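I opened this one to look at a serine first and the aromatic rings after that. My notes follow in the order I looked things up.

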Amino acid sequence: MQQDYDFPDYPELTELLHEQSLLGLDSSPDSVNIPIIKFNSQTHKPISLPNNFPVTALAFSNNLIYAALANGDILEYSIDSNLHSQPTKILRLHSDKVTAIVASFSHLYSASIDSKIVIWDLQTGDPVKTIIGHTGPVLSLCLTDQGKLYSGGHDKTINEWDPRSGRRKWILTGSKGAIYALTSSFTCPNTLFSAGEDQVIRAWDTTSGRCVQTFNGHEGPVMALKIKDNLLYSASRDGSVAIWHALDGGLIDTMSSNNNLPITALEIFNNSLFTGSEALSIIQWDLTDRSPIATFSGHTATVTALAVYADKLISTSTDGTIKLWKLDKLSTVAGTYLISNN
């Protein structure tokens, strides 16, 4: 099992920690945009979830949030201003931590350390198919605009699956380490990008199964990939985000924060890039001049996933929280789902 995915259980946060860190009581003049948390209007306590486990992955469908946990559960929540204190569904089948989830309009796909991929019916919350094909933990998933499902594993392979039947169509080989990230875009048709432990990004022709381009430059495992237009963005444990020409693999620029801690999550919205890291904060970067413009502080452990939905940036962390940040008021928390034993 890779250390990068070995998320320990974090102890329950105390009320004092809620009051000091979640309310933004920080006397340091250098702290920027400390958030203010909204509490349940009736109990005046932070919104709580039923389990005390790190949140490991994030997906959306039909105005619903899906959050994967280190205990193998997947929780479904409605996105609304009241922030329901209980999940509308709990999807439970995996026997180990869920490492990746992706969703279509009707189905959710989950990957786990238990070596399985599960297809879920979103209407009922029931599993409809369990896919077994990797010889070790499944670490990444990608559902393309063309409806193709890809998975990357600790076994150094990428598999293409029929998203309805679960039948395997291709096995892509050639990577020298575990596959931590997969992405695709309609701007790069018939191309899948992968990255991971061996520090190399690869572009695959999905019609032939061949690797057609490699991107070299990172000095640590690559943890996340995003595409905007014809540019590919990669986040690495070397503390940097690299910007590449997606079509020819040319390196355009790199961005690094002052702390150089491993970057673990990426999201792009309009002209902004958001990075989450082991520094516990989220940084917003301007993509024109490639400089940081805001810091989102509030998580108390590694940020594991980022996504923009409607007017909110949503982040998950191994601190056991899902935070919703207002994009129109930079770095202000709209609400928090807190995983606790309350």
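**Entry 1: the serine**

I started with Ser315, which I found in strand E27 (residues 312–317). I am working on a predicted model here.

Is Ser315 buried or exposed? I get a relative accessible area of 0% for Ser315, so with the cut-off for buried at under 20%, Ser315 is buried.

Next I checked what the side chain of Ser315 does. I found a polar contact between it and the side chain of Trp325, at 2.9 Å. Then I listed the contacts of Ser315, leaving aside neighbours within four places in sequence. Trp325 turns up there again, along with Thr321, Ile322 and Lys323. The rest of my list reads Ile282, His299, Val303, Ala305 and Leu306.

**Entry 2: the whole chain**

I stepped back to the chain. I noted one helix and 29 strands. Of the 342 residues, 56% are buried. I also looked at contacts with a separation of 6 or more: residues 24 or more positions apart account for 43% of them. For the surface, I wrote down about 14,500 Å² exposed, with carbon and sulfur atoms supplying 47% of it.

**Entry 3: ring pairs**

How many aromatic pairs are there? I count five.

One of them is Phe60 with Tyr309, whose ring centres are 4.9 Å apart with 25° between the planes. Planes under 30 degrees apart count as stacked, so I filed this pair as stacked. Phe60 sits in strand E2 (residues 55–61) and Tyr309 in strand E26 (residues 303–309), so the pair ties together parts that are 249 residues apart in sequence. I checked burial for both partners: Phe60 counts as buried at 17% relative accessibility, while Tyr309 counts as partly exposed at 24%.

Then I went to Phe215 and Trp244. Their ring centres are 5.6 Å apart and the planes stand at 90°, so I have this pair down as edge-to-face. Phe215 belongs to strand E17 (residues 210–215) and Trp244 to strand E20 (residues 240–245), so this pair links parts that are 29 residues apart in sequence. Phe215 is buried, with a relative accessible area of 0%, and Trp244 counts as buried too, at 1%.

Last, I asked which residues ring pairs link into a cluster with Phe215 and Trp244. I noted Phe193 as the residue that joins them there.

Terms used: Residues are numbered from 1 along each chain as its sequence is written. This is a predicted model: local features need pLDDT of at least 70, side-chain atom pairs count only at pLDDT 80 or more; totals for chains, interfaces and linings use all residues. Side-chain values use heavy atoms; hydrogens and water are left out. Rings of Phe, Tyr and Trp (its six-membered ring) pair if their centres lie within 6.5 Å; planes under 30 degrees apart count as stacked, over 60 as edge-to-face and the rest as tilted. Helices (H or I, at least four residues) and strands (E, at least two) are DSSP runs, numbered from the N terminus. Buried means under 20% relative accessible area, exposed over 50%, partly exposed in between (1.4 Å probe, protein chains only). Contact means heavy atoms within 4.5 Å. Accessible areas come from the Shrake-Rupley method with a 1.4 Å probe; for residues, only the protein chains shown count as cover. A polar contact is a pair of N or O atoms within 3.5 Å; within protein, one must be able to donate a hydrogen and the other to accept it, and residues adjacent in sequence count only if both atoms are side-chain atoms.
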